[in-house]
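Biologist: Walk me closely through one part of this model, please: whatever sits around the ligand. Then carry on into the strands and helices.

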Amino acid sequence: MKAIRLREGKERSLQRRHPWVFEGSIAKGKADAGETVRIEAHDGRFLAWGAYSPASSIRVRAWSFDEAERIDAAFFARRVQQAVALRQRMAVASDAVRLVHGEADGLPGLVVDRYADCLSAQFLFTGSERWKAVIVDALLAATGLSRLYERSDVGVRALEGLPEQRGWLRGAGDTQLTIREHGWQLQVDVAQGHKTGYYLDQRDNRQHFAQAVRHYGCAEVLNCYSYTGGFSLAALAGGAARVSSVDSSAPALELACRLVQLNGFDASRHQAVDADVNAHLRECLAQGRRFDAIVLDPPKFAPTAAQVERASRAYKDINRLALKLLRSGGLLFSFSCSGGIGPELFHKIVAGAGIDAGVDALILQRLAAACDHPTTLQFPESDYLTGLALLVR
Ligand code: SAH
């Protein structure tokens with residue numbers, strides 16, 4: 001077994017069970033991509049078992065902090081079973097569930113979502129890549145399913161020196177699946193959809209939105225960055241008279257329109273707008289339009305910490321425009337999925353937008369990812385989605 005020796009003082013984060021070792025913390029030691037290594041303090045004390053990633057600045061990610069634990073097929077079977085059992089206890093209101101949420105489930109660099117009878121997985125790290133076949137077997141055994149599609153077609157793989165990959169790892173067949181979320185039917189394509197197919201992290205927030213639209217009697221709703229219209233269905237279910245879905249992806253909007261009909265809503269209540277959201281918000285303002293509820297669920301404006309400042313300005317801008325477009329008594333559900341922008345900073349950004357818009361609002365609810373996307377005490381990095389439900393005075 002190869003050993004990775006840390007510099008003096010660099011053992012602290014592992015002792016606090018944070019699973020990452022950065023390149024600069026290592027005094028000596030090397031291994032092959034994904035190979036299991038013993039991570040040691042400067043004096044040789046055991047800290048963790050991990051997997052080595054020669055190309056990444058996160059040079060090692062820990063599998064286990066227990067010296068007696070062996071990193072083998074049984075280890076992955078245990079971790080996968082624990083993750084799946086946890087989701088069963090959570091009793092998620094859908095047959096589409098995040099089963100493995102990377103580090104938060106003790107499986108760094110692994111994301112697995114279940115869509116009805118099909119699993120969709122991302123292997124984002126040399127360690128999970130190396131154990132891929134073992135992990136896939138464990139997932140199928142733990143769920144009793146027979147199909148798993150790989151969606152490792154993401155840019156972060158390059159940071160690990162891994163090529164993008166996509167396709168069936170087990171089973172085959174139609175990649176288009178119908179799932180149920182709350183009372184709604186949704187279609188998800190595990191091959192073509194964003195991420196592993198859909199944004200399951202927003203499940204609870206779509207439900208909160210439906211309830212708020214109904215409770216506050218919102219008639220006209222603008223769903224910005226709608227993707228396939230999840231929040232639009234929520235608004236329709238909440239009784240909205242007119243809902244616009246705005247997105248720059250034509251295929252996503254086409255599916256949004258199909259889903260409106262599939263769920264039995266009158267198509268005349270829904271409009272798809274293929275546009276840049278920022279430009280569309282400005283156009284609505286210029287036209288003097290007003291709404292009773294607006295959703296802002298943009299893509300990650302700050303993919304890395306270096307982009308936080310620019311992203312903050314972009315978030316502020318769309319929030320300012322949206323607040324100006326709301327009638328008094330209107331609702332804003334506003335989100336950020338940028339890891340570098342925590343709830344406090346996001347609050348500050350939206351508060352600044354309110355000042356600039358000359359609009360005062362109450363925080364009805366602080367929003368986060370659904371509980372099948374857990375954050376642990378030791379690994380705050382998995383807490384990326386933050387949001388505010390606001391009521392304009
Ligand atoms: N709210 C959605 C998820 C949104 S994901 C849900 O609940 O499922 C972000 C979406 O923003 C993607 O669909 C992407 O196509 C869209 N998008 C990205 N940049 C955009 C822009 N400048 N204008 C409009 N849409 C954009």
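Modeller: Let's fix "near" before anything else: a residue is near a molecule or strand if one of its heavy atoms lies within 4 Å of it. This is a predicted model, so local features need pLDDT of at least 70 and side-chain atom pairs count only at 80 or more, while totals for chains, interfaces and linings use all residues. Numbering starts from 1 along each chain as its sequence is written, and side-chain values use heavy atoms, with hydrogens and water left out.

On to the ligand, then. It has 15 residues around it, and Arg206, Asp247, Asp276, Val277 and Asp297 come nearest. By character, that shell splits into seven nonpolar, four polar and four charged residues. (Nonpolar covers Ala, Val, Leu, Ile, Met, Phe, Trp, Tyr, Cys and Pro; charged covers Asp, Glu, Lys and Arg; the others, Gly among them, are polar.)

Some atom pairs qualify as polar contacts, meaning N or O atoms within 3.5 Å; within protein, one must be able to donate a hydrogen and the other to accept it, and residues adjacent in sequence count only if both atoms are side-chain atoms. Arg206 puts a polar side-chain atom 2.7 Å from a ligand oxygen. The backbone joins in too: an N or O atom of Val277 sits 3.0 Å from a ligand nitrogen, and for Tyr225 the corresponding distance is 3.2 Å. Taken alone the ligand exposes 580 Å², of which the protein buries 88% (Shrake-Rupley areas, 1.4 Å probe; for residues, only the protein chains shown count as cover).

Now the strands. Helices (H or I, at least four residues) and strands (E, at least two) are DSSP runs numbered from the N terminus, and two strands pair if DSSP finds at least two bridges between them. Seven of them make an open, mixed sheet ordered S16-S15-S14-S17-S18-S20-S19. S16 (270-274) and S19 (361-368) are the edges, each with a single partner, so one side of each has no neighbour in the sheet. Neighbouring strands are turned by 15° against each other on average, direction ignored; axes are lines fitted to C-alpha atoms, for helices over the stretch in contact, and angles run from 0 to 180 degrees between N-to-C directions.

S15 (242-247) runs parallel to S16, joined by five bridges, and Ser245 has Ala272 in S16 as its bridge partner. Contact here means heavy atoms within 4.5 Å. Helix H10 (308-325) lies across S17, S18 and S20, at about 155° to S18. Helix H11 (343-357) packs on the sheet as well, touching S18, S19 and S20, and makes about 35° with S20.
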